[in-house]
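Visitor: I should like to learn how to read the features of a structural model. Could we take them in turn?

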Amino acid sequence: MILFGGLFAFTVLVALLVDAVFGEPDWLWRHLPHPVVVFGKAISFFETCFNHPDQQRAFSGWLFGLFAIATITVVGSAFGYLLQVWLMGFGLIGSAIVAVLSSTLLAQKSLFEHVKRVQEPLHDGNLEGARHAVSMIVGRDTTKLNDSGVARAAIESLAENYSDGIVAPLFWFLLLGLPGLICYKIINTADSMIGHRNERYQYFGWASARLDDLINLVPARLTMLLLLFSPVSLNLEAGICNQPWNAFLADARRHRSPNAGWPEAAMARRLGIALSGPRYYDGKLNDEQFVNADGKREIGSNEVAKALRLYVGACLVQFLFVAIIATLAVLTALLMFD
């Protein structure tokens, strides 16, 4: 928005609306590669060429990893800048095309649908179906999860992906236009692919992981606020207003991630449940702390349904904020030309 003027906020608003109504056009991606797939292939190319942990020292691994993510983001951002300048030159038609293209890098409707696919079999008592559905959106082992474990995994994924898949890309899109959106998605994709703390990626993926932490600092905390003040009544005994802020902050810092704990803490407190806690990865138990440890731990489809309602309310609030920004931008422009 800064690069392309205040009226660009209306393009962002249309992108949000298109994504919320139509979601992912699967028919299109059966014929064309999704932009994230293109980013992934570029990351894989650099990883294949430059990541040789058995032959490299730590410094060279860090250096090659930084070179890879810097190159891809610079090229991607430059492409986004040139594409947007060209399209916006066509007026409303070009702006509409930018909005539609950008909507493919947001995930409001698809996130709702993925979590809904977990909630429905849970509601029907189909634990195996729920385990399979949740395995599509989380990285932990799901074969040992009971109803509460499946529900907890789905709600955590909803909270984290709301931040990473919607609020963060929207934040950078609104702030820096299409190049900002593309830059964010490249770094976030790189983090999910190579930002792991294992023998293969601990050096090469370091730059991607740290950059992802950095660019999500503000959006994660904005996500927390959106969830905390989502205008949805959950009929809980403890309302949001009589819970101390230091409790939210303490919960957020218990998470292993510097950012994921913020939306999770908000979701846990609003629902009155405990999130995170011990889970299995690759057959090994990770004994992690609970977020909102005093919250309810025996949960199921009802809590997932409430989480989805909370999420929809937060999406409506963010849409309203973007609409207000767009309106103020128009008023400012009118006053300048008056």
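**Reading salt bridges, cores and a cavity**

Guide: Let us begin with E156, which is buried, with a relative accessible area of 1%. Please bear in mind throughout that this model is predicted.

Visitor: With which side chain does E156 meet in a salt bridge?

Guide: The partner of E156 is R140, at 2.6 Å from N to O. This pair links distant parts of the chain, 16 residues apart: R140 is in the loop between α7 and α8, and E156 is in helix α8. R140 counts as buried because its relative accessibility is 11%, and the cut-off for that class is under 20%.

Visitor: How many salt bridges does the structure hold?

Guide: There are five. Another of them joins R131 to E128, with the closest N and O atoms 2.6 Å apart. Both residues belong to helix α7 and are three residues apart, about one turn of the helix.

Visitor: Is R131 buried or exposed?

Guide: R131 has a relative accessible area of 15%, so it is buried. Its partner E128 reaches 52% and therefore counts as exposed. In the bridge between K296 and E303, the closest N and O atoms are 3.1 Å apart. Here K296 is partly exposed, at 43% relative accessibility, while E303 is buried, at 9%.

Visitor: How should one approach the nonpolar residues?

Guide: In soluble globular proteins, nonpolar side chains tend to be buried together. In this model, the largest nonpolar core has 45 residues, and those touching the most other members are V115, V118, V134, I155, L158, Y162 and M267. Helix α8 gives the most to this core, with ten residues. Apart from it lies another core, of 37 residues, including V12 and I182.

Visitor: Which residues does Y162 touch, beyond those up to four places away in sequence?

Guide: Among them are L111, V167, T223, Y311 and Q318.

Visitor: And how does one look for empty space?

Guide: Rolling a probe the size of a water molecule over the atoms shows where empty space is left. A search of the whole structure finds one cavity of 30 Å³ or more, and the largest cavity has a volume of about 40 Å³.

Visitor: Which element gives the most to the lining of the largest cavity?

Guide: That element is α4, with four residues. The lining includes I43, E47, I72, I194 and S208. By type, its residues divide into eight nonpolar, two polar and one charged.

Technical notes: Residues are numbered from 1 along each chain as its sequence is written. This is a predicted model: local features need pLDDT of at least 70, side-chain atom pairs count only at pLDDT 80 or more; totals for chains, interfaces and linings use all residues. Side-chain values use heavy atoms; hydrogens and water are left out. On a 1 Å grid over the protein atoms alone, a cavity is a set of points where a 1.4 Å probe fits but cannot get out, and a pocket is an open set with protein on both sides within 12 Å along at least five of seven lines; lining residues have an atom within 4 Å of a point. Grid points are joined across faces, edges and corners, and a volume is the space filled by probe spheres set on the points. Helices (H or I, at least four residues) and strands (E, at least two) are DSSP runs, numbered from the N terminus. Ala, Val, Leu, Ile, Met, Phe, Trp, Tyr, Cys and Pro count as nonpolar, Asp, Glu, Lys and Arg as charged, and the others, Gly among them, as polar. A nonpolar core is a set of buried Ala, Val, Leu, Ile, Met, Phe, Trp, Tyr and Cys residues joined through side-chain atoms within 4.5 Å. Buried means under 20% relative accessible area, exposed over 50%, partly exposed in between (1.4 Å probe, protein chains only). Contact means heavy atoms within 4.5 Å. A salt bridge is a side-chain nitrogen of Lys or Arg within 4 Å of a carboxyl oxygen of Asp or Glu.
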